[in-house]
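Me: Please give a close account of one part of this structure, the largest cavity, and of the way in which the copies around that space are arranged.

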There are 2 protein chains.
Amino acid sequence: MHTKLIARSDMETILSRVGLDALMDQLIDRLREGFSTADLAHAQIPARSGLHYHSPDLGLIEWMPANLKQGKASLKIVGYHPTNPSKRSLPTILSTLSVYDTRSGHLLGLLDGTLPTALRTGAMSAIATELLGPPRDGLVLGIVGCGAQAVTQCHALSRLLPIARIVAHDRNPQAAESLSQRTSFLSIPIEPVAHGQLTELLEASDLLCTCTSEDPGRGPLFPDFANRPGLHINAVGCDFPEKFELPVELLRRSYVCPDFREQALIEGECQQLQPAEIGDDLATLLRDPEAARAQRERLTVFDSTGHAYADYLSALLFLDYAGEMELGTDIGLECIPADPLDPYSFLNPSARKDSASACIQESGT
Amino acid sequence: MHTKLIARSDMETILSRVGLDALMDQLIDRLREGFSTADLAHAQIPARSGLHYHSPDLGLIEWMPANLKQGKASLKIVGYHPTNPSKRSLPTILSTLSVYDTRSGHLLGLLDGTLPTALRTGAMSAIATELLGPPRDGLVLGIVGCGAQAVTQCHALSRLLPIARIVAHDRNPQAAESLSQRTSFLSIPIEPVAHGQLTELLEASDLLCTCTSEDPGRGPLFPDFANRPGLHINAVGCDFPEKFELPVELLRRSYVCPDFREQALIEGECQQLQPAEIGDDLATLLRDPEAARAQRERLTVFDSTGHAYADYLSALLFLDYAGEMELGTDIGLECIPADPLDPYSFLNPSARKDSASACIQESGT
């Protein structure tokens, strides 16, 4: 019985062969289809929990499980360490994805979760924006927070929406400057703006993505502003209690669609709202696109806290690619005994005999 | 940046080279030392939670995290699927252990958790029994439940206590019969007994281990009985709400020492007790062995639900052995980008270029 291990080099092969755009398109399709059809009410997707700590630096390691009752469960382990980029040249988010057989508990596969997290976060924003964004051409996309997530937000949105230009702000001007280079493969003009021009950025945007690492208790990122008609906002930076990005006045004027209502109430923009002020979640809107489109003339917000079912679908997509391309390594991981009632019987008999004699020698010395 | 992967074959090498007895002794020493000295009050060890389901069979997949604030956190993922032995020739418990760097969230190591779970469960019983068991020679060990855990219970207890003979019962007579073969390396006489003789087994035991897979709501395993003076019981089968093994009358006559109080109240024998009826936990007793020994003349119960700190110490022990023996494989798992702000920069530039052209081709077809 083996575990399929997808190494970083396998992920690189998959991306090289499939291509970034085709991969993003495929992921968007699977997520749209999955969220439109899955019986999430009967799935087991507990709101994530984890280890939160403040030493040596602020950080957390969380687990995001999803059991769709289709014989498999996924578990994403995701670390969020905002000092990673500056102190360790590592991304803020580091993650792995595991897939288990729910008949036996066997670990079927293990792969990176860092890239899938960035991809699916972008893809989910694109799906929400396709539903709720203004039905116009030549859209201006505003980006607030130009870290790793900004790249996949721009990428995914550009796959589904006619984005004419991007205006980008980050507290760190270098991050705002470098975003154009990081998204050059999109061939969309991108303009970095300084803090003094943030209000202009907000007021010029048809679409807005906030994807910051704002500290808990420090939000919102900006005061309320005079938005363009039908502005759609993807608020993707929230992943911590007390952490939010948008001003509550703006939320109250908006139709707010959470990705995962229970979780958004704990660590999303929805923390700032009463339950009655919150709209339908994305899966519900996807089943009733007419109702969603009726909101398009309004200010709309997708409160994206990160959905474990999106991780589940992302893990299966990469495992499928690895299967098709015959990538990955089958490793024997669990010590599965020859006799299920004897934990030592995974040792072959000769090793066991050696072991017994080794013990006698040990105790004799 | 690499993840140390300890394969099943590496575990086999470790056990062969170290020897089963020396390994168990080393683990017992580390656990005794660790629980005697660790600042568990300031560690982060949330009571385990998980996915519990009844379809296709009763099962659960749980996560057991431990952050000792020493720069590393462990996460054991443990599956409990009682139909595994009969339906799939697999052990009831299948598990993996992960160790994370709490500065960055990086996955440092991954190894089997199935064998470490069996080993540490035995080792914890032995440590509790050394403290609380009757100070006599020629002890009779009663075993109720002759599955995989029974093997390591017998093994670990025999390393610390003068066991003259073992009397074993299982609802499945074949399991009781085969235990003597599975524990033959201990060279202790072992006698299987049928259900009709269960009371005699209980009344003859100086030490008792209950390690069954009793279904939730079906306990206790037997009614109260006339115990030997100073009987010590290790109740290790509890790992589920509503699941318990011992009669409440017996618990009320006993000094009950939980491994992990909060968790034992949810899924241990302590479910049946009021908080005031529960004694100190094992870590507390280890710091005051005189107080523990004062209980030895009484009936004593170690309520062993499974402690994530024991998993943490077990994981580090095996990683240390692998390090010393230069075993394990260093794999690049997380897609760590060259630029922490660009999730696609883990691709080398040529792959990225190919990727871009592949996309163009894709969209052109």
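Reply: A cavity is here a set of points, on a 1 Å grid over the protein atoms alone, where a 1.4 Å probe fits but cannot get out; its lining residues have an atom within 4 Å of a point. Grid points are joined across faces, edges and corners, and a volume is the space filled by probe spheres set on the points. The model is predicted: local features need pLDDT of at least 70, side-chain atom pairs count only at pLDDT 80 or more, and totals for chains, interfaces and linings use all residues. Residues are numbered from 1 along each chain as its sequence is written, chains are lettered from A in the order in which they are written, and side-chain values use heavy atoms, without hydrogens and water.

Four cavities of 30 Å³ or more are present, and the largest holds about 90 Å³ of space. Its lining comprises 14 residues; those nearest the centre are A:Ser98, A:Tyr100, A:Leu110, B:Ser98 and B:Leu110. Two or more lining residues come from each of β4 (72–80), β5 (93–101) and β6 (107–112) in chain A, and from β4 (72–80), β5 (93–101) and β6 (107–112) in chain B; strands are DSSP runs (E, at least two residues), numbered from the N terminus. By class, ten lining residues are nonpolar, four are polar and none is charged. Nonpolar covers Ala, Val, Leu, Ile, Met, Phe, Trp, Tyr, Cys and Pro, charged covers Asp, Glu, Lys and Arg, and the others, Gly among them, are polar.

As to the copies, chain A is superposed on chain B by a rotation of 180° with 0.0 Å of shift along its axis (RMSD 0.0 Å), by least squares on C-alpha atoms of residues with pLDDT of at least 70 in both. The two copies are therefore related as by a two-fold rotation axis. In chain A, the C-alpha of A:Trp63 lies nearest this axis, 4.2 Å from it.

Notes. 1 Å grid on protein atoms, 1.4 Å probe; cavity = no way out; pocket = protein on both sides within 12 Å on 5 of 7 lines; lining within 4 Å. Helix = DSSP H or I, 4+ residues; strand = E, 2+ residues; numbered from the N terminus.
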